[in-house]
Protein chains: 2
Amino acid sequence: MAERMSQMLRSDARDNREHVLDAARELFAARGFDVPMREIARRAGVGPATLYRRFATKEELAAEVFGDEMRACHAIIEEGLADPDAWHGFCSVVERLCELHARNRGLTAAFSSTFPRAVDLAADRTRAMRLLGDLVRRAGDTGRLRPDVTVDDIVLVLAANNGIHATAMSVRVNASRRFAALAIRAFEEPESR
Amino acid sequence: MAERMSQMLRSDARDNREHVLDAARELFAARGFDVPMREIARRAGVGPATLYRRFATKEELAAEVFGDEMRACHAIIEEGLADPDAWHGFCSVVERLCELHARNRGLTAAFSSTFPRAVDLAADRTRAMRLLGDLVRRAGDTGRLRPDVTVDDIVLVLAANNGIHATAMSVRVNASRRFAALAIRAFEEPESR
DNA sequence: ACGTTAACGGACGCTGCCGTCCGCTTAGAT
DNA sequence: ATCTAAGCGGACGGCAGCGTCCGTTAACGT
């Protein structure tokens, strides 16, 4: 559908739309949702009006950008579910989600909280929740996961992971890795190993 | 010193100063550092000019407010150090710090990051760090704490705790409690009990 | 090549915040 | 009761970000 619309655009408009999305992706990832629209436009080599012509509001742009990131989340969880070792799959999901969120400031906002008008993100979110539920159940069956751990705990950890506000990305990612390791320790049944 | 200055103020000015501090405490706690100065003034029943006459800048006001909260942090840590059961003291510090930070949005900003001009807060911060170091060492000696846990891990957990962005305070506090429990599990040496 | 029309971007208006100024008010000393 | 200076707050200017308008440019069908 998005492609059909892009197809009807003139070639320069289509290019600019892509440039805007790329710029938004980079800036949202690096500095969170609070980057000014003008700066996205500037980085895309485009005037503000052009940006607003394609994306009527900041939320609309964010919805499109974070929709992509959401798909990355889904992919990670599904790969974890596909892991023959359920516990290992669970751990790698926690680790990789934490890292993804550390690399994308503001992705957590899309994941846990809700954007004003981003209805489609809510659907992605509930789908991710369902998948996470499967993951937790599957890991629980192995006995390696503490029996009282729920999906909410994962979401809590993800939200908390977003509290790591270091400015430099490398610092953020390192801290996030340590944090993921802590979280996994907290989730693991001590008597299982 | 602060009292000496207040003493020289006219009675109405002194009252208003207190009202402003009370309002700022409440609003910073409830909604974080981003509340408008006007709103603090309004809540204090005071004009903007009055507020700015007492606190030349927003940071100055925040420094004064969070200075008080800082003292609460110190008290918590010192009580933990005074606990005859070192491990129990350690746990209660983690729990109580998490809860305090959950009740005070933006306190973590003062605690871990640095305000532009809040020099005096930095001193409080390093003092808190030293105390936390003592706490960790003391808990480590009991063998209940995993030997690789450092002060940085506590700070990391505190920062992460601040990522719990629920709007309603009761929700935030509950989530924070669960989070503290998770953190303590992660810190505890599994073979020790 | 050329005309039509989509697309562009600089300039604009609006809102919300910070911090200041200045004419009026009132505490508190005499 | 009076006076004076400390104190007050509404109104102001400035800045930054969002979203829009309109005169100009250039894509692309013929």
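**Exercise 1. Sort by class the surface near DNA strand C.**

Solution. The surface near DNA strand C has nine nonpolar, six polar and nine charged residues. Nonpolar covers Ala, Val, Leu, Ile, Met, Phe, Trp, Tyr, Cys and Pro; charged covers Asp, Glu, Lys and Arg; the others, Gly among them, are polar. A residue is near a strand if one of its heavy atoms lies within 4 Å of it.

The model is predicted: local features need pLDDT of at least 70, side-chain atom pairs count only at pLDDT 80 or more, and totals for chains, interfaces and linings use all residues. Residues are numbered from 1 along each chain as its sequence is written, chains are lettered from A and ligands numbered from 1 in the order in which they are written, and side-chain values use heavy atoms, with hydrogens and water left out.

**Exercise 2. Find the helices that supply the surface near DNA strand C.**

Solution. Start with chain A: α2 (11-31) and α4 (48-54) each supply at least two residues. In chain B, α2 (11-31), α3 (37-43) and α4 (48-54) each do so too. The largest share, four residues, comes from α4(A). Helices here are DSSP runs (H or I, at least four residues), numbered from the N terminus.

**Exercise 3. Go from the residues around DNA strand C to atom pairs.**

Solution. Of the 24 residues around the strand, Arg10(A), Asn16(A), Thr50(A), Ser11(B) and Met37(B) come nearest. Next, take the strand's atoms within 4 Å of the protein: 62% belong to sugar or phosphate and the rest to bases. Then list the pairs:

- Asn16(A): a side-chain N or O atom is 2.5 Å from a phosphate oxygen.
- Thr50(A): a polar side-chain atom lies 2.8 Å from a phosphate oxygen.
- Arg38(B): a polar side-chain atom lies 2.9 Å from a base oxygen.

**Exercise 4. Describe how α10(A) packs on α10(B).**

Solution. Both helices span residues 169-187. Their axes, lines fitted to C-alpha atoms over the stretch in contact, are 7 Å apart. The angle is about 90°, on a scale from 0 to 180 degrees between N-to-C directions. The two are therefore roughly perpendicular (65 to 115 degrees). Phe179, Leu182, Arg185, Ala186 and Phe187 of each chain make the contact (heavy atoms within 4.5 Å). By class, eight are nonpolar, none polar and two charged.

**Exercise 5. Place Arg96(A) and classify its exposure.**

Solution. Arg96(A) sits in helix α6 (residues 86-103) of chain A. Its relative accessibility is 36%, so Arg96(A) counts as partly exposed (between 20% and 50% relative accessible area, 1.4 Å probe, protein chains only). Leaving aside neighbours within four places in sequence, Arg96(A) is in contact with Ile76(A) and Glu79(A). Arg177(A) is 81 residues away from Arg96(A) in sequence, yet 8.9 Å away in space, C-alpha to C-alpha.

Key:
Parallel < 35°, antiparallel > 145°, perpendicular 65-115°, else oblique. Polar contact = N/O pair within 3.5 Å; in protein donor to acceptor, adjacent residues only side chain to side chain.
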